[in-house]
Amino acid sequence: MATSEASVTRIMVAVNESTIKGYPHASISSKGAFEWTLQKIVMSNTSGFKLLFLHVQVPDEDGFDDMDSIYASPEDFKSLKTRDRARGLRLLEFFVTRCHEIGVACEAWIKKGDPKKVICHEVRRIQPDLLVLGSRGLGPFQRVFVGTVSEFCVKHAECPVVTIKRRSDETPQDPVDD
């Protein structure tokens with residue numbers, strides 16, 4: 001029996017890339033939040049849920065990673081935009097492919113900006129039933145300087161929010177790395 005769109009539980013999962021240099025893949029926290037959602041919420045009821053993947057790309061101040069912008073040409077900016085878009089699509093492809101393999105309906109999109117604000121804006125716009133995001137487990141000192149998206153979303157998102165902590169065996173040497 002097909003599940004109607006109105007009776008499907010829509011879960012937004014905010015995902016991001018790993019910050020570890022040379023590792024253009026989903027972050028440990030994003031994968032953990034996704035797997036938790038599948039195992040603890042979706043389980044075997046794949047037709048009763050729709051996962052909504054949101055990836056927020058944070059624009060650099062000058063548009064360059066580890067580059068001196070003095071030497072930038074218009075072509076440099078075009079290639080950076082193309083590269084960023086391709087990386088975002090590759091990230092979302094991981095989650096969308098997995099959903100299709102197990103039969104869970106999904107949508108995915110990319111936005112740019114401050115992840116905290118963009119996620120809360122998208123929650124207001126899309127109105128999911130639940131927001132799931134990973135948490136890097138930063139200590140109090142690091143939270144002051146890095147800030148946490150998950151804490152902001154718990155306080156400001158207009159839907160229930162579940163944050164998934166990394167397992168201790170998944171934590172890199174530097175917890176900022178994810």
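Helix α3 buries Pro-115, Val-118, Ile-119, Cys-120, Glu-122, Val-123 and Ile-126, and those buried residues pack against β1 (9-15), β2, β3, β4 and α5. Keep in mind that this is a predicted model. Here's a quick tour of the helices and the sheet.

**Helix α3**
- The helix covers residues 115-126. With twelve residues at 1.5 Å each, α3 should span 16 Å, and its end C-alpha atoms are indeed 16 Å apart, so the two agree.
- Right after α3 comes Gln-127, with a positive phi of about 55°.

**The sheet**
- Five strands make up an open sheet, lined up as β3-β2-β1-β4-β5 with parallel pairing.
- The edges belong to β3 (105-112) and β5 (161-165); each has a single partner strand, so one side of each has no neighbour in the sheet.
- Going from one strand to the next, the twist averages 20°.
- Strand β2 (residues 49-57) runs parallel to β3, and eight bridges join the two.
- Phe-53 sits opposite Ala-108 in β3.

**Helix α5**
- Residues 149-156 form α5, which lies across β4 (130-135) and β5. Its direction is at about 155° to β4.

**Helix α1**
- This one takes in residues 28-42, 15 residues in total. At 1.5 Å a residue the expected span is 21 Å, and the end C-alpha atoms of α1 are 20 Å apart, which agrees.
- Its buried residues are Ser-29, Ser-30, Ala-33, Phe-34, Thr-37, Leu-38, Ile-41 and Val-42.
- Just past α1, Met-43 adopts a positive phi of about 45°.

Methods: Residues are numbered from 1 along each chain as its sequence is written. This is a predicted model: local features need pLDDT of at least 70, side-chain atom pairs count only at pLDDT 80 or more; totals for chains, interfaces and linings use all residues. Side-chain values use heavy atoms; hydrogens and water are left out. Helices (H or I, at least four residues) and strands (E, at least two) are DSSP runs, numbered from the N terminus. The expected span of a helix is 1.5 Å times one less than its number of residues. Buried means under 20% relative accessible area, exposed over 50%, partly exposed in between (1.4 Å probe, protein chains only). Two strands pair if DSSP finds at least two bridges between them. Axes are lines fitted to C-alpha atoms, for helices over the stretch in contact, and angles run from 0 to 180 degrees between N-to-C directions. Contact means heavy atoms within 4.5 Å.
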